[in-house]
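Biologist: Hi! Could you walk me through this protein chain in plain words?

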Amino acid sequence: MNRKKYWICVCALALIALLIHFFSSNQARVENYYSTGIYPFISVFLRHLFGWIPFSFGDILYGAGVFWILSKLAKFIIKLIRKEMSLKVFAAEFQWVPVTILLLYISFNALWGINYNRKGIASQLGLTMGKYSREELGMLNNVLLQKVNAASRQLPKGPSNVMSTREISLRSRDAYGELNKQYPFLKYQPASIKRSMWGWLGNYLGFLGYYNPFTGEGQVNTTIPKFLQPYTNCHEIAHQLGYAKENEANFVGYLAAASSKDVSFNYSVYLDLFLYANRNLFQTDSTAATAFIKQLLPPVKADLREWRQFIIKHKNPVEPVIRWLYGKYLENNQQPSGILSYDEVTGFLIAYYKKYGRL
């Protein structure tokens, strides 16, 4: 590509990126025309296109992308060592960078990322969001404590309690089927949630699941303890349905898992939410938070020990860096609390409980 065509291409892509940025600046516009307008069609199309593939096509794309970037860097380093580098050669070697960044930005936002700027689930359910008191946080801890312990008592014992990855995936679909009866806008069809090819890596980088906006696939790290996987599945499906922010995906995932007729899903979601709420309470009243933890049933405490040992086993110096980078990514996508955005589901739960009197 000659320089004139190259700069015309860069300018055209930059203009498209600016138009996307302008469109995303208005929440009502995003909600009405994108999130509940064109995005559901994009989401369904991508799941029809890639959902039938038994493995994660998006994971292969990620792997190929990393390999391509590393090969480009390797060639650059070789030329640098051989002293073949000049300003002209340098410009030629890296002229792909602006184009690639702009294409990724446009594709990411057009296919999913604009959802970060929507009004979201609180608006759809008419929830009144705001600051909550320590007393309300204590109330939430108590409600979730009772839910966790009640679900734990109902769990079948022994091998029958262990679901396969496929069973969890199918029951996640069924959970959203139940939720759809109450909220028609949360329709999940076709279903497509997949095993991550990079789960072993996720254990060291600290992720339980992730959504690929380029293929519409939701991936779950199936090497984590089984009791975490049902809620993780529901969380990733929420991303597929257009809830980009982590606190919203947590809340929509809660609505689905709590609607499930499978007690394993109820246990998974209430345990995770209890931990979020308990961490929030610990910041203002560590004594009360510790007292709630002590009231968990022995089997629940055993699961928490398993999770803690799993984290310790995979602890490494790279994970804090990855978490910091991911936190910066969240901050740049309408989530100023960064990695703590996950914990902000607590505010949704309190608002929901105050409106409906139940969780």
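Modeller: Here is a tour of the overall fold, the cores, a pocket and a few single residues.

Modeller: One thing to know early is that this is a predicted model, where local features need pLDDT of at least 70, side-chain atom pairs count only at pLDDT 80 or more, and totals for chains, interfaces and linings use all residues. Residues are numbered from 1 along each chain as its sequence is written, and side-chain values use heavy atoms, with hydrogens and water left out.

Biologist: Great. How many helices and strands does the chain have?

Modeller: There are 16 helices and 3 strands. Both are DSSP runs numbered from the N terminus: helices are H or I with at least four residues, and strands are E with at least two.

Biologist: And what are the dimensions of the box that the C-alpha atoms fill?

Modeller: Roughly 70 × 45 × 45 Å, taken along the principal axes. The radius of gyration is 22 Å, which agrees with the value near 21 Å for a compact globule of 359 residues. That radius is taken over C-alpha atoms, and the globule rule is 2.2 Å times the number of residues to the power 0.38.

Biologist: What percentage of the residues is buried?

Modeller: Buried residues make up 47% of the 359 in the chain. Buried means under 20% relative accessible area, exposed means over 50%, and partly exposed is in between (1.4 Å probe, protein chains only).

Biologist: What about contacts between residues that are 24 or more positions apart?

Modeller: They account for 76% of the contacts in the chain with a separation of 6 or more. A contact means heavy atoms within 4.5 Å.

Biologist: Let's go inside. Which residues touch the most other members of the largest nonpolar core?

Modeller: Leu144, Tyr176, Phe251, Tyr254, Leu273, Leu349 and Tyr352, out of 64 residues in that core. Helix α12 (residues 263-282) gives the largest share of this core, with 12 residues. A nonpolar core is a set of buried Ala, Val, Leu, Ile, Met, Phe, Trp, Tyr and Cys residues joined through side-chain atoms within 4.5 Å. In soluble globular proteins, nonpolar side chains tend to be buried together.

Biologist: Which residues does tyrosine 254 touch?

Modeller: Not counting residues up to four places away in sequence, tyrosine 254 touches Tyr231, Val269, Tyr270, Leu273, Leu349, Tyr352 and Leu359. Another core lies apart from the largest one; it has 21 residues, including Ile42, Leu46, Leu102 and Phe108.

Biologist: Back to helix α16 for a second. Is isoleucine 350 buried or exposed?

Modeller: Isoleucine 350 is found in helix α16 (residues 345-356), and it counts as buried because its relative accessibility is 3%. Leaving aside neighbours within four places in sequence, isoleucine 350 is in contact with Tyr132, Glu136, Leu137 and Leu140.

Biologist: Okay, pockets! What is the volume of the second largest pocket?

Modeller: About 470 Å³. On a 1 Å grid over the protein atoms alone, a pocket is an open set of points where a 1.4 Å probe fits, with protein on both sides within 12 Å along at least five of seven lines, and lining residues have an atom within 4 Å of a point. Grid points are joined across faces, edges and corners, and the volume is the space filled by probe spheres set on the points.

Biologist: Which residues lie nearest its centre?

Modeller: Of the 22 lining residues, Arg166, Ser169, Ser192, Ile193 and Lys194 lie nearest the centre of the second largest pocket. Helix α8 gives the most to this lining, with 6 residues.

Biologist: Where is serine 192 placed?

Modeller: Serine 192 is in the loop between α8 and β1. Serine 192 is buried, because its relative accessible area is 6%. Beyond its neighbours within four places in sequence, serine 192 is in contact with Arg47, Gly51, Gly218 and Gln240.

Biologist: What else lies in the loop between α8 and β1?

Modeller: Proline 190 lies there too. The peptide bond from glutamine 189 to proline 190 is cis, with omega near 0°. Most peptide bonds are trans.

Biologist: Last one: what does asparagine 149 contact?

Modeller: Asparagine 149, found in helix α7 (residues 134-154), is in contact with Gln295, Leu296, Leu297 and Val300, leaving aside its neighbours within four places in sequence. The C-alpha atoms of asparagine 149 and leucine 296 are separated by 6.4 Å, although the two are 147 residues apart along the chain.
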